[in-house]
Each structure stands twice: as structure tokens, then as C-alpha cells.
4 protein chains.
Amino acid sequence: MRFVMPQKVKFKHCDPAGIVFYPRYFEMINDCVEAFFDEALECPFEDLHQDGGVPTAEISVQFTAPSGHGDRLELALRCTRLGRSSLGLETEATCGGQRRFIATSTLVWIDGNGKSTPWPDPIRAKLDGWVQRAAA
Amino acid sequence: MRFVMPQKVKFKHCDPAGIVFYPRYFEMINDCVEAFFDEALECPFEDLHQDGGVPTAEISVQFTAPSGHGDRLELALRCTRLGRSSLGLETEATCGGQRRFIATSTLVWIDGNGKSTPWPDPIRAKLDGWVQRAAA
Amino acid sequence: MRFVMPQKVKFKHCDPAGIVFYPRYFEMINDCVEAFFDEALECPFEDLHQDGGVPTAEISVQFTAPSGHGDRLELALRCTRLGRSSLGLETEATCGGQRRFIATSTLVWIDGNGKSTPWPDPIRAKLDGWVQRAAA
Amino acid sequence: MRFVMPQKVKFKHCDPAGIVFYPRYFEMINDCVEAFFDEALECPFEDLHQDGGVPTAEISVQFTAPSGHGDRLELALRCTRLGRSSLGLETEATCGGQRRFIATSTLVWIDGNGKSTPWPDPIRAKLDGWVQRAAA
């Protein structure tokens with residue numbers, strides 16, 4: 001099971017070569033994670049950041065083909081691994097079926113003091129469902 | 001041998017938690033590579049992008065400690081591997097000796113049509129020197 | 001007649017005070033103009049920038065109230081003045097009826113050499129309709 | 001008397017036309033104000049934002065000539081007007097003597113609750129000096 005976010009490539013994303021400047025992809029990935037927490041977990045970033053956060057601990061990306069201005073990307077996120085306070089994600093961007101990048105990352109649930117802390121049960125239950133069905 | 005770029009953390013880099021929003025780190029990494037090509041290789045981005053480029057093919061980053069507004073970071077870049085048309089880089093950011101992130105990435109030299117192409121000899125010679133002295 | 005673009009305030013837009021960092025508003029304004037050219041004028045930015053552009057010649061913004069993370073903004077754009085090669089715009093952002101900013105700007109239609117040039121007739125005809133109905 | 005900040009135009013600032021994407025200019029302006037508060041007023045943003053801020057209430061910019069990748073800009077800031085809790089600024093960017101943009105803006109000193117509040121005396125004294133000598 002994948003969480004899908006459409007993302008058209010806009011003027012602001014592109015560099016002098018007319019393709020996406022790669023740091024902008026990380027803003028798209030963050031937007032996708034933010035939408036996933038909001039829509040799939042019912043845990044909006046604007047609420048959870050009142051007293052905690054989900055910083056990215058590590059991320060690896062392979063950029064397999066460039067994206068041009070106007071391309072209609074689809075970012076698809078899967079939950080690959082659930083730890084005590086961590087979450088493994090895979091985010092793939094495609095355009096018309098062609099892979100543009102694939103990212104693997106690890107998030108950590110932290111409290112208001114910046115310390116990693118166990119996922120709250122209601123969120124853990126939902127994430128567990130996403131991990132179970134990641135292959136589906 | 002390392003190429004070092006100082007980077008103070010500014011207001012624009014920071015998120016609601018008062019720490020660097022991680023996509024901004026990739027802008028810093030890109031700035032560091034741009035400064036390296038300009039100052040160390042005498043191959044400024046504004047010239048080389050007239051008829052080619054050096055897109056990032058892959059990048060992996062571990063964020064080991066958060067950076068706050070006002071922190072004086074030091075980004076240190078080493079050349080770890082020179083291929084026919086590729087270059088392996090390691091970029092470490094520290095503040096007062098504490099590691100904030102470490103990134104490994106691969107760049108590719110491309111021509112004006114977006115195809116990978118061998119490094120020009122003068123640039124290859126300089127890069128070879130940086131790789132030889134990476135451990136120094 | 002107004003062209004309306006919804007825009008939720010995301011994590012990436014916000015500063016350490018938890019409100020929108022004002023340069024991000026200009027990205028929203030640009031996105032709104034890009035969507036207007038695409039959807040209302042059927043003149044997508046990715047096509048028109050092949051051989052020209054519509055740079056902003058001047059812009060004035062009053063920020064009347066801050067926007068917080070999660071706020072559901074509505075950007076509403078009106079065409080206020082059509083010149084030989086220029087276009088006057090007013091873009092107002094509101095949230096739940098409260099004004100957050102109001103911007104007045106002037107765009108210029110330029111050719112591939114960066115020179116201002118008259119609006120093509122089909123675009124002029126559409127823009128003229130938007131200006132006529134700006135008060136409606 | 002002007003406060004001057006050099007700013008080379010980098011890859012990240014440029015759009016598909018190879019010139020500065022105008023929202024990036026507002027990041028430069030913010031960087032210049034941040035440097036002015038740090039270096040000229042000895043009131044670093046990282047300190048003052050612990051319990052207040054200096055949001056921009058309004059800004060007007062005329063973009064008089066485009067800036068290309070690699071251009072070495074100079075941003076020059078003057079203090080034009082000091083109010084009870086406000087400050088008028090003029091920021092001009094030039095390259096080799098040619099004006100690229102001129103911005104006039106108004107900042108407001110606010111407390112931790114977001115309310116405008118009088119400038120602290122030591123900052124007011126310094127700002128007053130800058131306003132007195134703005135024409136010099």
C-alpha cells in the first residue's frame with residue numbers, strides 16, 4: 001500500500017538547465033511526508049510540532065532521470081520498517097511510469113526536548129498497518 | 001586534503017523548531033560544491049553550465065545532531081573517487097568540532113545534451129590531485 | 001472576477017516563530033500567477049518560457065496579519081490593468097476571511113532576448129476579459 | 001551611510017532563464033537585514049528571536065535589470081525612518097554600478113506575543129545614528 005501525492009514541476013523548482021534543482025526534491029519529499037501524517041495518520045504536522053517532531057535521521061536518494069518544468073510527478077510513499085521510535089520510508093517519484101528518483105529515509109519521533117521517544121499507541125497502530133501492507 | 005566553506009545558520013534556514021530544515025542543508029552542500037568548482041578547480045558553475053553540467057546522481061546523508069539558528073557551521077568536502085565521468089564526494093558539516101551531518105554523493109559530468117561524458121583533461125588532473133590527497 | 005488558488009501553509013513555509021517566512025509568500029504568489037497562466041489563459045509557463053517569459057517588474061506587498069503552520073490560505077488574483085506588454089495584478093491572501101497580505105505587481109511579456117514585446121492577440125483577448133470583469 | 005553585503009549569484013538562485021528567480025531576492029534582502037542587525041546593531045537575529053522579532057510589515061521592490069548566474073551583487077542598506085517601534089529601510093542591489101533592484105520596506109519591533117513594542121533604548125540609539133547619517 002502506497003500513499004500517493006501528485007506534484008507538478010513548477011517554475012520555482014527548476015534550475016538554469018530547466019530541470020528540477022535537486023534540493024527542491026527534498027522539499028517535495030517533506031511535503032509528501034507531511035501530507036501522509038495529515039491524511040493517512042490523522043496527525044497533522046501543525047499539531048505534532050507543538051510538542052515534538054519527526055526529524056529525518058538519514059536519507060539516501062538515487063536520481064535516475066531528470067524532471068523538466070511542467071512534468072506531472074507522482075510521489076509514492078511506503079512504510080518499510082517500524083521501530084520503537086523510528087520509521088523507515090521509501091519514496092519513489094515517477095512521471096508517466098518513468099522513475100525520476102527513489103529515496104529511502106528514516107524518521108524519528110521526538111518529544112519537545114528533542115529526545116527520541118516511543119510512538120504513541122494510536123499512531124503506532126496505524127503505522128503498523130502501513131508496514132504490513134507495504135508490499136500490497 | 002579538504003575544501004572548507006564556512007556557513008552560518010541563518011533565519012531562512014530554520015524551521016518552527018528553530019533548527020535547520022533539512023532540505024536547506026542540500027542547498028548548503030550545493031553551494032559548497034559550487035565554491036569548490038570555482039575556487040579549487042577554477043571551473044565556475046556559471047561557465048560550465050553554459051554547455052553542460054554536473055548533476056548529482058545519488059546522495060546519502062546522516063544527520064547526527066541538529067543545528068540551531070546562529071550556529072557557525074564548517075562544511076568540509078573531500079574527493080573520494082574519480083571515475084571516467086563521475087566524482088565521489090564526502091561532505092561533512094561540523095560546529096565547534098561536533099558533527100552535524102555527513103553526506104556522500106556522486107556527481108556526473110554531462111555535456112549540453114545531458115549525456116555523461118569524460119572529464120576534460122585539465123579538470124581531471126586537478127580532481128586527481130584532490131583524490132590522491134583526500135586522506136591527507 | 002478573481003482567480004483563486006488554495007494554499008495550505010506547510011512546515012517548509014514557516015520560520016522559527018512558527019509563522020510564514022515572508023519570502024515564501026512570493027513563491028506562493030508566483031505559483032498563483034503560474035496557475036493563472038496555465039488554467040485561465042491556457043498558456044502554461046513551461047511552454048511560454050521556451051521562448052520568452054513574464055518577469056515581475058515591480059511588486060508591493062502589505063503583510064497585514066501573520067499566517068501560522070496549517071492555515072488554509074486562499075490566494076485570489078485579479079487583473080487590474082492591461083498595457084501593450086504589461087499586466088497589473090492584485091493578489092490577496094486570506095484565511096477564514098481575514099486578510100493576510102495584499103500584493104500589487106506588474107508583469108511584462110518579453111521575448112527570447114529579454115525585450116518587452118506586445119502580448120500575442122489570443123492572450124491579450126483573454127486578459128482583456130479578466131480586466132473588464134476585475135470588479136465583478 | 002550604508003551597510004553593504006556582497007552576494008554572488010549562485011546556481012540555486014537562478015531560474016530556467018538563467019537569471020535570479022525574484023523570490024530569492026527577498027531571501028537576500030532578509031540576509032542583509034540579518035547581517036545588519038548582527039554586525040551594525042550587535043543584536044543578532046538568533047538572540048532577538050528568543051523573545052520577539054522584527055517582521056516585515058510592507059515591502060515594495062522595483063526590479064530594474066536582471067541578474068545572471070555568477071554576477072557579483074552588492075546589497076546596500078540605508079535606514080530612512082525611525083518610528084516608535086518601526087524602521088524604514090531602503091535596500092539597493094547593484095552589479096558593477098548597475099542597479100538591479102531597489103526595495104523600500106518597513107520593519108516592526110515586536111515582543112514575544114507578536115505585539116509591536118518600542119525599540120529598546122540601546123538599539124534605538126544606534127538606529128538613530130544610522131538614520132541621521134543615511135544621506136552621508
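**Close-up views of a predicted four-chain model**

**Figure 1. The end of helix 1 in chain D of the predicted model.** Just after helix 1 of chain D, D:E42 adopts a positive phi of about 55°. Most residues other than glycine have a negative phi. The helix itself comprises 19 residues, for which a rise of 1.5 Å a residue predicts a span of 27 Å; the end C-alpha atoms of helix 1 of chain D lie 26 Å apart, which agrees. Of these 19 residues, 18 are buried, so helix 1 of chain D is largely enclosed by the rest of the structure.

**Figure 2. Helix 1 of chain C and the residue C:E42 that follows.** Helix 1 of chain C covers residues 22–40. Its 19 residues should span 27 Å at 1.5 Å a residue, and the separation of 26 Å between its end C-alpha atoms agrees with that expectation. Because 17 of the 19 residues are buried, helix 1 of chain C is largely enclosed by the rest of the structure. After the helix comes C:E42, with a positive phi near 55°.

**Figure 3. The contact of helix 1 of chain C with helix 1 of chain D.** The two helix axes come within 8 Å and cross at roughly 175°. Angles over 145 degrees count as roughly antiparallel, and helix 1 of chain C and helix 1 of chain D are therefore roughly antiparallel to each other. Chain C contributes C:Y22, C:P23, C:R24, C:F26, C:E27, C:I29 and C:N30 to the contact, while chain D contributes D:Y22, D:P23, D:R24, D:F26, D:E27, D:I29 and D:N30. By character, the residues of this contact divide into eight nonpolar, two polar and four charged.

**Figure 4. The contact of helix 1 of chain A with helix 1 of chain B.** Here the axes of helix 1 of chain A and helix 1 of chain B cross at roughly 175° and come within 8 Å. These two helices are therefore roughly antiparallel to each other. On the chain A side, A:Y22, A:P23, A:R24, A:F26, A:E27, A:I29 and A:N30 take part; they meet B:Y22, B:P23, B:R24, B:F26, B:E27, B:I29 and B:N30 of chain B. The contact residues comprise eight nonpolar, two polar and four charged.

**Figure 5. The loops that hold A:E42 and B:E42.** In chain A, A:E42 lies in the loop between helix 1 (22–40) and helix 2 (45–48). Its phi is positive, about 50°, although A:E42 is not a glycine. With 60% relative accessibility, A:E42 counts as exposed. In chain B, B:E42 is located in the loop between helix 1 (22–40) and helix 2 (45–48). B:E42, likewise a residue other than glycine, has a positive phi near 50°. Its relative accessibility of 61% places B:E42 among exposed residues, since exposed means over 50%.

**Figure 6. The rotation axis relating chain A and chain B.** Two copies of a chain are related by a rotation about an axis and a shift along it. For this pair, a turn of 180° and a shift of 0.0 Å along the axis lay chain A on chain B with an RMSD of 0.0 Å. The two copies are thus related as by a two-fold rotation axis. Within chain A, the residue that comes closest to this rotation axis is A:S60, with its C-alpha at 2.0 Å. As 100% of the interface residues of chain A are also interface residues in chain B, the copies meet through the same surface.

**Figure 7. The rotation axis relating chain D and chain A.** Chain D superposes on chain A with an RMSD of 0.0 Å after a rotation of 180° and 0.0 Å of shift along the axis. Among the residues of chain D, D:P16 comes closest to the rotation axis, at 2.1 Å (C-alpha). The interface residues of chain D are, to 100%, also interface residues in chain A, so these copies meet through the same surface.

**Figure 8. The surroundings of D:S85.** D:S85 is placed in the loop between strand 4 (72–82) and strand 5 (86–95) of chain D. Its relative accessibility is 10%, so D:S85 counts as buried. Apart from neighbours within four places in sequence, D:S85 is in contact with D:L107, D:V108, D:W109, D:S116, D:T117, D:P118 and D:W119. One of these residues, D:S116, is 31 residues away along the chain, yet its C-alpha atom is separated from that of D:S85 by 6.3 Å.

Methods:
Residues numbered from 1 in each chain as written. Chains lettered and ligands numbered in written order. Predicted model: local features only at pLDDT ≥ 70, side-chain atom pairs only at ≥ 80, totals over all residues. Heavy atoms only, no water. Helix = DSSP H or I, 4+ residues; strand = E, 2+ residues; numbered from the N terminus. Expected span 1.5 Å × (residues − 1). Buried < 20%, exposed > 50% of the residue type's maximum accessible area, 1.4 Å probe, protein only. Axes fitted to C-alpha atoms, helices over the stretch in contact; angles between N-to-C directions. Parallel < 35°, antiparallel > 145°, perpendicular 65-115°, else oblique. Contact = heavy atoms within 4.5 Å. Nonpolar A, V, L, I, M, F, W, Y, C, P; charged D, E, K, R; others polar. Least-squares fit on C-alpha atoms with pLDDT ≥ 70 in both.
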